[in-house]
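I am keeping these entries as I look things up, one topic at a time. I begin with charged side chains, and then turn to a buried corner of the chain.

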Amino acid sequence: MKARPRRTLPVPGEAESVPRSIKCPMHPEHQLKLFCTTCHQVICGECSTLLHRDHRCTTVSRAGKVYGRFVRSAIEQTRPLEDYALQSVGRLNDLTVRINSRCEAVQQEVDAFVDEYVAALEEHRRTLSEQIGNIRQAKMEMIMAQKLDLGKC
């Protein structure tokens with residue numbers, strides 16, 4: 001069986017038509033050409049005989065086609081979920097705006113109530129202080145009158 005040329009990723013800065021081979025991290029002299037379907041990882045021929053001996057392996061290009069179909073199918077299956085998630089996010093954003101608006105309105109009501117309450121307390125303080133001043137004045141006048149009476153005696 002004749003090996004087909006494999007597509008490789010372009011190296012940044014080089015023309016895209018120049019193929020790039022990816023070397024095995026454990027066996028740098030070998031290219032990653034196989035896919036272990038048991039472990040779901042790309043391996044070299046040496047790894048397939050040593051580390052993945054009893055595992056099912058296929059070519060990278062075949063695995064790419066098979067898993068590509070799985071990925072495309074998964075993407076299609078998730079599209080309704082994406083739409084639902086986007087709608088949910090929109091509803092949550094609307095709810096956030098309504099909550100913030102209502103909280104601001106309540107905060108303004110609380111501030112207005114507290115401001116009125118503080119103003120009423122300040123008025124009550126002024127009234128009480130005035131009453132204390134009037135009582136003090138009256139008591140002082142009474143004491144002065146008694147001193148005058150005692151001075152005449």
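**Entry 1: salt bridges.** Before counting anything I wrote down the rule, which is that a salt bridge is a side-chain nitrogen of Lys or Arg within 4 Å of a carboxyl oxygen of Asp or Glu. I also noted that this is a predicted model, and that with this rule the structure holds 4 salt bridges. As general background, side chains of opposite charge can pair when their charged atoms come close.

**Entry 2: E122 and R125.** I looked up the pair E122 and R125, whose side chains meet in a salt bridge with an N to O distance of 3.7 Å. Both residues lie in helix 2, 3 residues apart, which is about one turn of the helix. I then checked how open each one is: E122 counts as partly exposed at 40% relative accessibility, whereas R125 counts as exposed at 54%, because the exposed class is reserved for values over 50%.

**Entry 3: R126 and its partners.** Which residues are linked with R126 in a network of salt bridges? I found that E123, R126 and E130 are linked in such a network, and I went through its two contacts with R126 in turn. The side chains of R126 and E123 meet at 2.5 Å, N to O, and these two residues, being 3 apart in helix 2, are separated by about one helical turn. For R126 and E130, the closest N and O atoms are 3.1 Å apart, and here the residues lie 4 apart in helix 2, again about one turn of the helix. I noted the accessibility of each member as well: R126 is partly exposed at 43%, E123 is partly exposed at 39%, and E130 is partly exposed at 44%.

**Entry 4: a positive patch.** I next looked for positive charge on the surface, and found a positive patch formed by R62, K65, R69 and R72. I followed up one of these residues, R62, which is found in helix 2, the helix that covers residues 60-152. With a relative accessible area of 54%, R62 is exposed, so it passes the requirement of over 30% that applies to residues in a patch.

**Entry 5: C36.** Is C36 buried or exposed? I found that C36 is buried, with a relative accessible area of 0%, and that its place is in strand 1, which covers residues 34-36. Leaving out residues up to four places away in sequence, C36 touches Q41, I43, H52, H55, R56 and C57. I looked more carefully at H55, since C36 and H55 are 19 residues apart along the chain, and yet their C-alpha atoms are separated by 6.7 Å.

**Entry 6: H52.** From the contacts of C36 I moved on to H52, which lies in the loop between helix 1 (45-50) and strand 3 (57-59). H52 counts as buried at 6% relative accessibility, because buried means under 20%. Apart from residues up to four places away in sequence, H52 touches C36, C39, Q41, I43 and C47. I compared the two contact lists and noted that Q41 and I43 appear both for C36 and for H52.

Methods
Residues numbered from 1 in each chain as written. Predicted model: local features only at pLDDT ≥ 70, side-chain atom pairs only at ≥ 80, totals over all residues. Heavy atoms only, no water. Patch = residues over 30% accessible without salt bridge, like charges linked within 9 Å, V, L, I, M, F, W, Y side chains within 5 Å. Areas by Shrake-Rupley, 256 points an atom, 1.4 Å probe, with all protein chains shown as cover. Lys, Arg positive; Asp, Glu negative; His and termini not counted. Charge placed at Lys NZ, Arg CZ, Asp CG, Glu CD. Buried < 20%, exposed > 50% of the residue type's maximum accessible area, 1.4 Å probe, protein only. Contact = heavy atoms within 4.5 Å.
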